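Biologist: Before we discuss this protein, could you show me the sequence and the structure together?

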Amino acid sequence: STMALSASPDVLVLVLGVVLASVYLFRDQIFSSSLQPKTTTLPIKEANGHGNPRDFVAKMKAGKKRLVIFYGSQTGTAEEYAIRIAKEAKSKFGLASLVCDPEEYDFENLDQIPEDCAAIFVMATYGEGEPTDNAVQLMQNLSDESFEFSKGEHKLDGLKYVIFGLGNKTYEHYNVISKQVDEYLTKMGAIRIGQRGEGDDDKSMEEDYLEWKDGMWDAFAHVMNVEEGQGGDTADFAVSEIQDSLPPEKVYHGELSARALARSKGIHDAKNPYASPISLSRELFQNTHSRNCVHVELGIEGSGMTYQHGDHVGVWPSNPDIEVERLLCALGLSEKRDTVIGIESLDPALAKVPFPVPTTYGTVLRHYIDISAVAGRQILGVLAKFGPTPESETYLRNLNTHKEEYHAVVTEGCLKLGELLQLAAGNNIKVAPTTQNTTQWKIPFDIIVSSIPRLQPRYYSISSSPKLNPNSIHVTCVVLKYESAGSRIPPRFVFGIGSNFLLNLKYAVNGETSALISEATEPASTVFPSYAIEGPRGAHYEESVYKVPIHVRRSTFRLPTNPKSPIIMIGPGTGVAPFRGFVQERVALARRSIEKNGPDALNDWGKIHLFYGCRRSTEDFLYKEEWPEYVRELQGKFTLRTAFSREPPYKPDGGKIYVQDLIWQDRTQVADAILNGKGYIYICGDAKNMSKSVEETLARILGEAKGGSAEVEGAAELKLLKERSRLMLDVWS
């Protein structure tokens, strides 16, 4: 008791200190509550006024916009079409639009869109019938019948909408996302305007869009009670030449982000790619007379970037020197290539400036817009009025208004915009462009910026495993080079921008010079295109090391975690790339397992089958020297089956043998691995022919194994495998 009494003054002092500290900390609430009016906190649905950046209806009302356009886009194409629709609504009817990335908005108030307004959905289908990453939440809200809109129901009675889908017919789930959106909206009572549009990237997305839009706009005008001609041909951007000198470090010369310009550290992603040093680059083909395939190892140590087997790497190329020079000459900007310009959006809600500014004319053409793509038909009508002669104007208008003529000349001739401007003006496109041999067109640069899409990264399946290569990402890239078709334009070589960019880097890294294309071909002595591979301000070539801007895109193309599951991989050509990473993943696991559990650790592992095909074993057999080593390390659990289509043995009828033929030869083991071993199947490569043929063969094998047919039992089994993620595809067209 004596101790308690003696401690009581200390306790009183401590309590008093706590009280005084509390009064000080909460002095504003205690002493000012009587002086300030009381405020009421509204529920979120009531408070979503202009202050809520995720409320698109409030933004529509504030900006007097009658259209809201949502785009589901993985690579930027759907966003481009969304902006095109917004521009046409403005030029045709004078209607303003709010173009929205659905990831940035909430959809509870989709039922609050005013009666005189409409919603437009531009939706791409990604992968195997999946929504794009930015449209996942939108699709969940539309499909989930328990999701309530602001009026407490899962209904959108009377909502007027337009829908255009982007897909590829070589894929099984062609345009399934746009079909689902259409189905969900109709089920909830919404009213579609016109037909649902479907663009096929395998044929011509542009032509599908152009055929669809005219009928849609006619229906739109009737339903929305608007007349064409109420808009005007107004620019989206204001381009100005900056007269005042800016500090050099403030001007973008091809940097892809503010962090890259400042050379500051930060997270590396699609908005801030990492300048990855190339540690190794080599040729994979044994015979490079007519084709090339490059293996590139990209360093990521210290970048903060990570990857997993099956992921994709985005490589950011620049446009080739010759196309940059061609368009600079055609636009009369050759002498002003280094002039600093500012670009301002005249309607930021409709069209954001698609690349960093201030910059220069030359930089825009080299690094920021895709001048290497085939010129679109719609842009030709806009550019025709700037023709330097009546004949050049007529030439472009004819291509713009006659799609058969456009297809024969532009599509089959693979004509880029610069080449088309030269042809229209009567210039020779087979000689190096100069100001002397290229006619100048007085096209405002804001139209160029508005009409040509942003230069996008090129994606490649990563061909390594982080378990064996934690500090580097491997790329396996066949170089795209082919002759143009058709008889209207003399044949010439066409080069893929991304793959030839990497080939240029391979030559530079190894101190090689590009060989002339065979003299036996026409045109003779054509050289591979060159690129400014040193990057902006030489930032991509430092201390004798070349760098390339990259970022990683996540994938669901993954091995099962349990190594006891059998694996069947089908990947001819560069389709083998992710499977090299898969096998490396298993090799790393095998090493750890053997170290931990002894030499018999792999006894209960499932078999790993790889079906690979190419032309000849002595010409284009990728990673030929590596596979035997993987077989050894995996103690026979890994087997490689090869189909060489242009060397014996051939089929009894003399036909070529492909990977699907090998699968059929091994049908007993394949069926057993899938049906009894609960195995996993992976297909990578060409979607148009190979993937379809392989799936047909698998359906036949599984159908017969179950005592039925390919069309019924086989198709049902494949469907089930896909639903359970035991049949996965990483294919392209």
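Modeller: A term to settle at the outset is buried, which here stands for under 20% relative accessible area, while exposed stands for over 50%. Please keep in mind that this is a predicted model.

Biologist: How many of the 13 residues of helix 17 are buried?

Modeller: Helix 17 covers residues 497-509, and the residues under the 20% cut-off include I497, F501, L505 and Y507. The helix is therefore described as mostly covered on the under 20% criterion, and the number of its buried residues is eleven.

Biologist: In the open sheet with the order 8-12-13, which strands stand at the edges?

Modeller: The three strands of this sheet pair in the antiparallel sense, and strand 8 is joined to strand 12 (residues 340-345) over five bridges, among them the one between S240 and G342. Each edge strand has a single partner strand, so one side of it is left without a neighbour in the sheet; the edge strands are strand 8 (237-241) and strand 13 (359-360).

Biologist: In the sheet of five strands, which residue of strand 24 is the bridge partner of C684?

Modeller: This open sheet has the order 22-21-20-23-24 with parallel pairing, and strand 24 (727-732) stands at an edge with a single partner strand, so one side of it has no neighbour in the sheet. Strand 23 (residues 680-686) and strand 24 run parallel and are joined by six bridges. In strand 24, the bridge partner of C684 is D730.

Biologist: What angle does the direction of helix 18 make with that of strand 23?

Modeller: Helix 18 (residues 577-597) packs on this sheet, where it touches strand 20, strand 21, strand 22 and strand 23. Its direction and that of strand 23 make an angle of about 145 degrees.

How values were computed. Residues numbered from 1 in each chain as written. Predicted model: local features only at pLDDT ≥ 70, side-chain atom pairs only at ≥ 80, totals over all residues. Heavy atoms only, no water. Pairing = 2+ DSSP bridges. Helix = DSSP H or I, 4+ residues; strand = E, 2+ residues; numbered from the N terminus. Expected span 1.5 Å × (residues − 1). Buried < 20%, exposed > 50% of the residue type's maximum accessible area, 1.4 Å probe, protein only. Contact = heavy atoms within 4.5 Å. Axes fitted to C-alpha atoms, helices over the stretch in contact; angles between N-to-C directions.
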